[in-house]
Amino acid sequence: MKAVVLAAGQGTRIRPLSDSIPKPMLPVADRPLVAHTTDAAIDAGADEIILVIGYEGETVRDYFGDEYRGVPISYAVQTEQAGTAHAVNTAREHIDGSFAVLNGDNLYDPAAVDRLFEHCPAVCAIAVDEPRNYGVLSTDGDSVTGIVEKPSEPPTNLANAGAYAFPERAREWLEVPESERGEHEITDVLASVIEEFDVTPVTLDQWLDVGRPWELLEANEWKLADLDRRIDGRVSDDAHLEGDVVVEEGATVKPGVVVEGPALIRSGATVGPNAYVRGATLIGEDASVGHSVEIKNSVISRGTSVSHLSYVGDSVLGRNVNFGAGTNVANLRHDDADIKFTVKGERVSTGRRKFGVVAGDDVKTGINSSLSPGLKLTTGATTQPGESVERDR
Ligand code: TTP
């Protein structure tokens with residue numbers, strides 16, 4: 001079965017991290033987010049992957065090429081982001097036979113993707129506490145009988161997790177009218193399939209829709225925890241690595257460093273001397289974490305430097321960021337309330353008691369900058385030496 005993976009979105013809610021990189025290409029442990037989805041499809045038996053690309057799509061093409069893990073890759077370019085059904089319809093000429101559709105910005109538990117492929121026609125569902133916020137499936141025994149968006153009276157607690165195995169006939173049903181929110185939605189295609197076929201609900205144990213920056217942190221928490229200890233880089237005898245720590249070939253860990261896994265130190269990165277890295281942390285390629293720096297539960301992207309006397313907790317730093325000496329991140333409020341973050345101009349709760357800052361690519365902080373919890377620093381932003389930064393910039 002072929003698998004269509006949707007990766008054309010703009011990722012507006014995850015800005016500034018998506019300012020020049022599509023959301024599906026943001027780092028999650030040792031791969032881009034969309035590679036986890038693609039791997040799950042290949043492991044489930046996909047014999048071709050069709051990637052629907054659009055926004056900054058060349059980055060996706062550069063990563064996967066024409067073949068990935070021995071499986072052919074083809075591309076469909078969606079020029080306007082007119083909805084998920086529109087995205088799949090863009091790939092129509094590549095589709096023959098039954099086909100799967102997966103969101104390139106979702107993490108699915110791989111065993112469920114196997115079951116999805118086995119039970120075509122099928123849809124992945126996840127049991128949620130607040131079904132009113134989701135597309136909800138109604139079921140009758142082992143069959144899906146309908147799907148309704150954000151219902152006030154949900155028929156079940158099974159949310160649609162955006163992964164489908166469709167029969168070949170669904171190819172003819174991809175042209176659906178615009179929904180109320182002005183998009184051509186894949187759920188309307190699913191509704192047609194439900195009318196004509198027995199559709200199996202496949203329940204996921206774990207699922208994550210990565211839409212906002214703290215969900216990228218959660219994606220890393222999930223996938224870093226899956227890594228097994230592996231030390232291929234240069235590690236000083238005077239460093240202490242505890243638990244599932246991966247030091248890739250070409251990475252350097254200097255004396256006096258303590259790393260508590262899960263943590264991944266990627267090729268070309270340098271840690272130490274005397275640094276402390278803990279709690280689901282990714283140190284990206286060519287990043288540098290220097291003397292007396294503590295990094296906790298964070299994503300430090302490629303080429304970023306936090307070189308001297310800093311604390312960075314529960315934060316996501318983009319590429320080529322430079323934190324001046326003594327820059328410190330606050331990740332907790334004195335009143336213990338959940339940290340809020342600005343998404344498309346609105347302050348929303350992250351649902352996290354601990355959340356630090358999100359810095360876009362090329363941010364530079366002056367020495368002794370003090371950064372408040374939930375702060376967003378846009379691409380290329382700077383702070384002054386000694387500044388206490390409480391508002392997004
Ligand atoms: P969304 O998360 O709804 O959209 P997005 O990724 O652009 O993010 P944001 O809302 O923050 O701007 O998209 C769900 C998935 O479908 C995601 O994998 C992107 C993909 N998609 C397309 O490929 N084309 C489209 O036209 C749309 C709407 C989504």
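Me: Which residues of H1 are buried?
Reply: In this predicted model, helix H1 spans residues 33-43 and is mostly covered, with 10 of its 11 residues buried. Buried here means under 20% relative accessible area. The residues of H1 that meet this are Leu33, Val34, Ala35, His36, Thr37, Thr38, Asp39, Ala40, Ala41 and Ile42.

Me: Which residue just after H1 takes a positive phi?
Reply: H1 covers residues 33-43. Just after H1, a phi of about 110° is found at Gly45.

Me: Which residues come nearest to the ligand?
Reply: The shell around the ligand has five nonpolar, 10 polar and four charged residues. Strand S1 (2-7) and helix H3 (84-90) each supply at least two residues of that shell. Of the 19 residues around the ligand, the nearest are Gln10, Thr12, Arg13, Gln78 and Gln81.

Me: How much of the accessible area of the ligand does the protein cover?
Reply: Backbone polar atoms approach ligand oxygen atoms at two residues cited here: Ala8 at 3.1 Å and Ala82 at 3.3 Å. On its own the ligand has 580 Å² of accessible area, and the part of this that the protein covers is 86%.

Me: How far is a polar side-chain atom of Gln78 from a nitrogen atom of the ligand?
Reply: Gln78 sits in the loop between strand S6 (71-77) and H3. Gln78 is among the residues that come nearest to the ligand. Its polar side-chain atom and the ligand nitrogen are separated by 2.7 Å.

Me: Is Gln78 buried or exposed?
Reply: Leaving out residues up to four places away in sequence, Gln78 touches Ala8, Val52, Ile53, Gly54, Gly83, His86, Ala87 and Thr90. With one of these, His86, the side chain of Gln78 makes a side-chain polar contact of 2.8 Å. The relative accessibility of Gln78 is 6%, so Gln78 counts as buried.

Me: What distance separates the C-alpha atoms of Gln78 and Phe355?
Reply: Along the chain, Gln78 and Phe355 are 277 residues apart. Between their C-alpha atoms the distance is 35 Å.

Me: Which residues does Leu116 contact, leaving aside its neighbours within four places in sequence?
Reply: The largest nonpolar core has 67 residues, and Leu116 is one of those with the most contacts inside it, a group that also includes Ile49, Leu51, Phe64, Phe117, Leu204 and Leu216. Beyond its sequence neighbours, Leu116 is in contact with Leu102, Ala122, Val123, Cys124, Ala163, Tyr164, Ala165 and Val202.

Me: How many residues does the second, separate core have?
Reply: The largest nonpolar core has 67 residues. The second core is separate and includes Ala263, Ile283, Ala359 and Leu377. Its residues number 34.

Me: Which side chain does the side chain of Asn160 join through a polar contact of 2.9 Å?
Reply: Asn160 is in strand S12 (residues 158-166) and has a relative accessible area of 12%, so this residue is buried. Not counting residues up to four places away in sequence, Asn160 touches Val123, Cys124, Gly135, Leu137, Ile147, Thr187 and Trp207. The side chain at the other end of the 2.9 Å contact belongs to Tyr164.

Me: Is Lys150 buried or exposed?
Reply: Lys150 lies in the loop between strand S11 (143-149) and S12. Phi at Lys150 is positive, about 35°, although Lys150 is not a glycine. Exposed means over 50% relative accessible area. Lys150 has 56%, so it is exposed.

Me: What is omega for the peptide bond from Cys120 to Pro121?
Reply: Pro121 lies in the loop between helix H4 (110-118) and strand S9 (122-127). The bond from Cys120 to Pro121 is cis, with omega near -5°.

Me: What kind of peptide bond joins Gly261 and Pro262?
Reply: Pro262 is in the loop between strand S20 (258-260) and strand S21 (263-265). With omega about 5°, the bond joining Gly261 and Pro262 is cis.

Me: Which residue has its backbone oxygen 2.7 Å from a polar side-chain atom of Thr327?
Reply: Thr327 lies in the loop between strand S31 (322-323) and strand S32 (328-329). At a relative accessible area of 0%, Thr327 is buried. Its contacts more than four places away in sequence include Leu309, Tyr311, Asn368 and Leu371. The backbone oxygen at 2.7 Å is that of Gly324.

Terms used: Residues are numbered from 1 along each chain as its sequence is written. This is a predicted model: local features need pLDDT of at least 70, side-chain atom pairs count only at pLDDT 80 or more; totals for chains, interfaces and linings use all residues. Side-chain values use heavy atoms; hydrogens and water are left out. A residue is near a molecule or strand if one of its heavy atoms lies within 4 Å of it. A polar contact is a pair of N or O atoms within 3.5 Å; within protein, one must be able to donate a hydrogen and the other to accept it, and residues adjacent in sequence count only if both atoms are side-chain atoms. Accessible areas come from the Shrake-Rupley method with a 1.4 Å probe; for residues, only the protein chains shown count as cover. Helices (H or I, at least four residues) and strands (E, at least two) are DSSP runs, numbered from the N terminus. Ala, Val, Leu, Ile, Met, Phe, Trp, Tyr, Cys and Pro count as nonpolar, Asp, Glu, Lys and Arg as charged, and the others, Gly among them, as polar. A nonpolar core is a set of buried Ala, Val, Leu, Ile, Met, Phe, Trp, Tyr and Cys residues joined through side-chain atoms within 4.5 Å. Buried means under 20% relative accessible area, exposed over 50%, partly exposed in between (1.4 Å probe, protein chains only). Contact means heavy atoms within 4.5 Å.
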